Amino acid sequence: MKNIKYYIGRRIIALRKAKKLTQLQLAEAINIHENNLGSIERGENGISMGTLMALSTVLDVDADYILFGERKKTNNTPIQNLIAELDSESQADLEEIIKLYIKAIKR
């Protein structure tokens, strides 16, 4: 049976590849040596809290996902979930539309 370090490493590899980053690019972004990142990805080394937090930030995921493979459940409403799927420019446009709508219905 594989240990937890192995599964953490597999998740980091998948997240890194999804962001189209090389080991070197990710290692530089989180301020560790490329060889250290390789050892973490292979499950040979554990991960420090500082490295975990840096990975979480750079890979844009919760630390819980890196450690446990579970994404946080949100209490978002259906409309919040729809808005979250939009790019930032569309979200800004929608915000303006909603402001105008609220202003119009308050008259």
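Buried means under 20% relative accessible area, exposed means over 50%, and partly exposed is anything in between, with a 1.4 Å probe and protein chains only. By that rule L59 is buried, as its relative accessible area is 3%. This is a predicted model, so to speak of local features a pLDDT of at least 70 is needed, side-chain atom pairs count only at pLDDT 80 or more, and totals for chains, interfaces and linings use all residues. Residues are numbered from 1 along each chain as its sequence is written, and side-chain values use heavy atoms, with hydrogens and water left out.

**View 1. The whole chain, helix after helix.**
The chain has 7 helices and 0 strands, and reading along the sequence gives α-α-α-α-α-α-α. (Helices are DSSP runs of H or I with at least four residues, strands are runs of E with at least two, and both are numbered from the N terminus.) Along its principal axes, the C-alpha trace spans about 65 × 30 × 20 Å. The radius of gyration is 19 Å, while a compact globule of 107 residues would come out near 13 Å. (That radius is taken over C-alpha atoms, and the globule rule is 2.2 Å times the number of residues to the power 0.38.) Buried residues make up 25% of the 107 residues.

**View 2. The surface and its charges.**
About 8000 Å² of the chain is exposed, and carbon and sulfur atoms supply 53% of that area. (Accessible areas come from the Shrake-Rupley method with a 1.4 Å probe; for residues, only the protein chains shown count as cover.) The chain carries 16 positive and 14 negative charges, and their mean positions are 5 Å apart. (Lys and Arg count as positive, Asp and Glu as negative, and His and the chain ends are not counted; a charge is placed at NZ of Lys, CZ of Arg, CG of Asp or CD of Glu.)

**View 3. Helix α3 and what covers it.**
In α3, the residues L37, G38, S39, I40 and E41 are buried. The cover over the buried residues of this helix includes α1 (4-18), α2 (23-29) and α4 (49-59). After α3 comes G43, with a positive phi near 80 degrees.

**View 4. E41, a closer look.**
Is E41 buried or exposed? E41 counts as buried because its relative accessibility is 2%. You'll find E41 in helix α3, which covers residues 34-41. Setting aside neighbours within four places in sequence, E41 is in contact with G9, R10, I12, I13, R16 and Q23. (Contact means heavy atoms within 4.5 Å.)

**View 5. Two tyrosine rings side by side in the sequence.**
The structure holds 1 aromatic pair. The ring centres of Y6 and Y7 are 5.1 Å apart and the planes sit at 85 degrees, so this pair is edge-to-face. (Rings of Phe, Tyr and Trp, using the six-membered ring of Trp, pair if their centres lie within 6.5 Å; planes under 30 degrees apart count as stacked, over 60 as edge-to-face and the rest as tilted.) Y6 is partly exposed at 26% relative accessibility, and Y7 is partly exposed too, with 38%.

**View 6. Two loop residues with positive phi.**
Most residues other than glycine have a negative phi. K20 is not a glycine, yet its phi is positive, near 60 degrees. K20 sits in the loop between α1 and α2 and is exposed, with a relative accessible area of 71%. N31 isn't a glycine either, and has a positive phi of about 65 degrees. Its home is the loop between α2 and α3, and at 69% relative accessibility N31 counts as exposed.

**View 7. L59 and T51, two buried residues of α4.**
L59 lies in helix α4, and T51 is found in helix α4 as well. What does L59 contact, leaving aside its neighbours within four places in sequence? The list is L15, R16, K19, L21 and L26. L59 and R42 are 17 residues apart along the chain, and their C-alpha atoms are separated by 18 Å. T51 is buried, with a relative accessible area of 9%. Again leaving aside neighbours within four places in sequence, T51 is in contact with I30, I32 and I40. From T51 to N31 the C-alpha to C-alpha distance is 8.2 Å, with their places 20 residues apart in sequence.
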